[in-house]
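Biologist: I am new to this structure and would like a close look at a single part of it, the empty space left among its atoms. Please take me through that slowly.

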Amino acid sequence: MSSVNENVRRILGELPPGRQLVVAAKGQPLEQLAAAIEGGARIIGENYVQEAQKAFDVIGNSVQWHCIGHLQKNKVKNAVAIFDMIETVDSIELAREIDRRCKQIGKVMPVLIEVNSGREANKSGAPPEDVAILATEIAKLANVRLMGLMTMGPTVSQPEESRPYFRITRQVFEEIAKLDLPGVTMKYLSMGMTNSYQVAIEEGANIVRIGTGIFGEQRREGANPSL
Ligand SMILES: *Cc1c(COP(=O)(O)O)cnc(C)c1O
């Protein structure tokens, strides 16, 4: 098995220019994150604020931190102090809370709208048809800056099966860009994970989020998805 820093180096080497790698930390211990950073990782993606806090306390601003998990409103206060980007905004209520908390600390938060591209009942994210209205509302918030879209897409067995979900997200991305909303810069399209990132890049992704392909299948013992 190749090492974490070699995996990062290989993936970074494979990415076409202008594409960014978010290392999906998924509760990996700090040594593993350090190895990823040694391999050239510059952005760490965290699903849980509490885990992000622990890693941030040690690693700090030597890398950028992206929130890639569903963010609860009661965690926003801590989240805005850590994250450089929140990729998972899917309601105006959440956007307003980010705005309010950012105002208090004098920060403007770059955000992506998470799109529920598979329209799955149990998944977070805004349905594609709701993204335009959400973007229009977010554009009015002074301390939140909309910069693009993110999607997970349904779990599939073959990477190719993800393509329609990436494609629809790309279409929504173009639609929002055309609205030319004041203060909105549609710059980032975050899609694709270990199995699907090549397809995602073909469909226009410029941020890919990779965990398993860097750390392997094994999750840290005790990693707690309910945090
Ligand atoms: C875990 C996770 C990833 C990475 O998935 P892998 O299949 O491990 O590469 C990407 N994005 C989000 C939101 C995740 O939760």
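Modeller: A cavity is a set of grid points where a 1.4 Å probe fits but cannot get out, whereas a pocket is an open set with protein on both sides within 12 Å along at least five of seven lines. Please keep in mind that this is a predicted model.

With that wording, a search of the whole structure finds 1 cavity of 30 Å³ or more, and the volume of the largest cavity is about 40 Å³. Its lining is made up of Glu114, Val115, Asn116, Ser117, Gly118, Glu120, Lys123 and Ser124, together with Thr151, Met152 and Gly153. Sorted by class, the lining of the largest cavity has 6 polar residues, 3 charged ones and 2 nonpolar ones.

Turning from the cavity to the open space, the largest pocket holds about 950 Å³. There are 40 residues that line this pocket, and those closest to its centre are Lys26, Asn47, Met152, Met193 and Arg209. Met152 therefore deserves a second look, since by the definition of lining residues it has an atom within 4 Å of a point in the largest cavity and also in the largest pocket. As for the character of the pocket, the residues of its lining divide into 17 polar, 16 nonpolar and 7 charged, while in the lining of the largest cavity the corresponding classes hold 6, 2 and 3 residues.

Notes
Residues numbered from 1 in each chain as written. Predicted model: local features only at pLDDT ≥ 70, side-chain atom pairs only at ≥ 80, totals over all residues. Heavy atoms only, no water. Points joined across faces, edges and corners; volume = space filled by probe spheres on them. Nonpolar A, V, L, I, M, F, W, Y, C, P; charged D, E, K, R; others polar.
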